[in-house]
Amino acid sequence: SRDRMTTLGLSAGDLVGVELSADPDPDHVEPGAELAAALADDIEAREAWGAITPGMRRALAHRVTSAKRASTRLDRAAEVAARLRDGTHETLKRRW
């Protein structure tokens, strides 16, 4: 954006250097505060979270963190933890 370029002292057409590096933990999924708390309180759900694929973790975390209201995020986090514990978490992915 123009503001960012001004802040960095750049002008249109300036050459900049970019450095890329590999992600040291590409499979890490941030569950969000509500789901992290639910997993911290439930050993079985936490173990199941560690056993599922990163893609499924992303899907379940998105289900919780995409809710706008805090009460909805808490409800969804409790539901995800219960489904992980019961082994029925796969059905959550199909509900969207």
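How many salt bridges does a search of the whole structure find? The search finds 4, a salt bridge being a side-chain nitrogen of Lys or Arg within 4 Å of a carboxyl oxygen of Asp or Glu.

The structure is a predicted model, in which local features need pLDDT of at least 70 and side-chain atom pairs count only at pLDDT 80 or more, while totals for chains, interfaces and linings use all residues. Residues are numbered from 1 along each chain as its sequence is written, and side-chain values use heavy atoms, with hydrogens and water left out.

**Exercise 1. Salt bridges between helices**

Task: Determine which elements are tied together by the salt bridge of Glu34 with Arg73 and by that of Arg63 with Glu79.

Solution.

Step 1. The closest N and O atoms of Glu34 and Arg73 are 3.0 Å apart. Glu34 belongs to helix H2 and Arg73 to helix H5, so this pair ties together parts that are 39 residues apart in sequence. Helices here are DSSP runs (H or I, at least four residues), numbered from the N terminus.

Step 2. Glu34 and Arg73 are both buried. Buried means under 20% relative accessible area, exposed over 50%, and partly exposed in between (1.4 Å probe, protein chains only).

Step 3. Between Arg63 and Glu79 the N to O distance is 3.2 Å. Because Arg63 lies in helix H4 and Glu79 in helix H5, the pair ties together parts that are 16 residues apart in sequence. With a relative accessibility of 8%, Arg63 counts as buried.

Step 4. Arg63 and Glu79 are also linked with Arg83 in a network of salt bridges.

General remark: side chains of opposite charge can pair when their charged atoms come close.

**Exercise 2. A salt bridge from a helix to a loop**

Task: Locate the partners Arg85 and Asp42, and classify the accessibility of Arg85 and of Asp42.

Solution.

Step 1. The side chains of Arg85 and Asp42 form a salt bridge at 1.9 Å, N to O.

Step 2. Arg85 is part of helix H5, and Asp42 is part of the loop between H2 and H3, so the contact ties together parts that are 43 residues apart in sequence.

Step 3. Arg85 has a relative accessible area of 35% and is therefore partly exposed. Asp42, at 11%, is buried.

**Exercise 3. The largest nonpolar core**

Task: State which residues of the largest nonpolar core touch the most other members, and which helices each supply at least two residues of it.

Solution.

Step 1. The core has 16 residues. A nonpolar core is a set of buried Ala, Val, Leu, Ile, Met, Phe, Trp, Tyr and Cys residues joined through side-chain atoms within 4.5 Å.

Step 2. Leu35, Leu39, Trp49, Ile52, Leu60, Val80 and Leu84 touch the most other members. Helices H2 (33–40), H3 (43–51), H4 (54–65) and H5 (70–86) each contribute at least two residues.

Step 3. Leu35 touches Trp49, Leu60, Ala61, Val64, Ala77 and Val80, leaving aside residues up to four places away in sequence. Contact means heavy atoms within 4.5 Å.

**Exercise 4. Geometry and burial of H4 and H5**

Task: Compare the expected and modelled spans of H4 and H5, and list the buried residues of H4 and H5.

Solution.

Step 1. The expected span is 1.5 Å times one less than the number of residues. For the 12 residues of H4 this gives 16 Å, in agreement with end C-alpha atoms 16 Å apart. For the 17 residues of H5 the expectation is 24 Å, and the end C-alpha atoms are 24 Å apart, which agrees.

Step 2. The buried residues are Met56, Arg57, Ala59, Leu60, Ala61, Arg63 and Val64 in H4. In H5 they are Arg73, Ala77, Glu79, Val80, Ala81 and Leu84.

Step 3. Just after H5, Gly87 adopts a positive phi of about 80°.

**Exercise 5. The loop between H1 and H2**

Task: Identify the nonpolar surface patch that contains Val16, and classify Val16 and Glu19 by accessibility.

Solution.

Step 1. Leu8, Leu10, Val16, Val18 and Leu20 form the patch, with about 550 Å² of accessible area together. Accessible areas come from the Shrake-Rupley method with a 1.4 Å probe; for residues, only the protein chains shown count as cover. Patches comprise residues with over 30% relative accessible area and no salt bridge, with like charges joined within 9 Å and nonpolar side chains (Val, Leu, Ile, Met, Phe, Trp, Tyr) within 5 Å.

Step 2. Val16 lies in the loop between helix H1 (2–8) and H2, and at 53% relative accessibility it counts as exposed.

Step 3. Glu19 is in the loop between H1 and H2 and is exposed at 77%. Its C-alpha atom is separated by 40 Å from that of Ile43, 24 residues apart along the chain.
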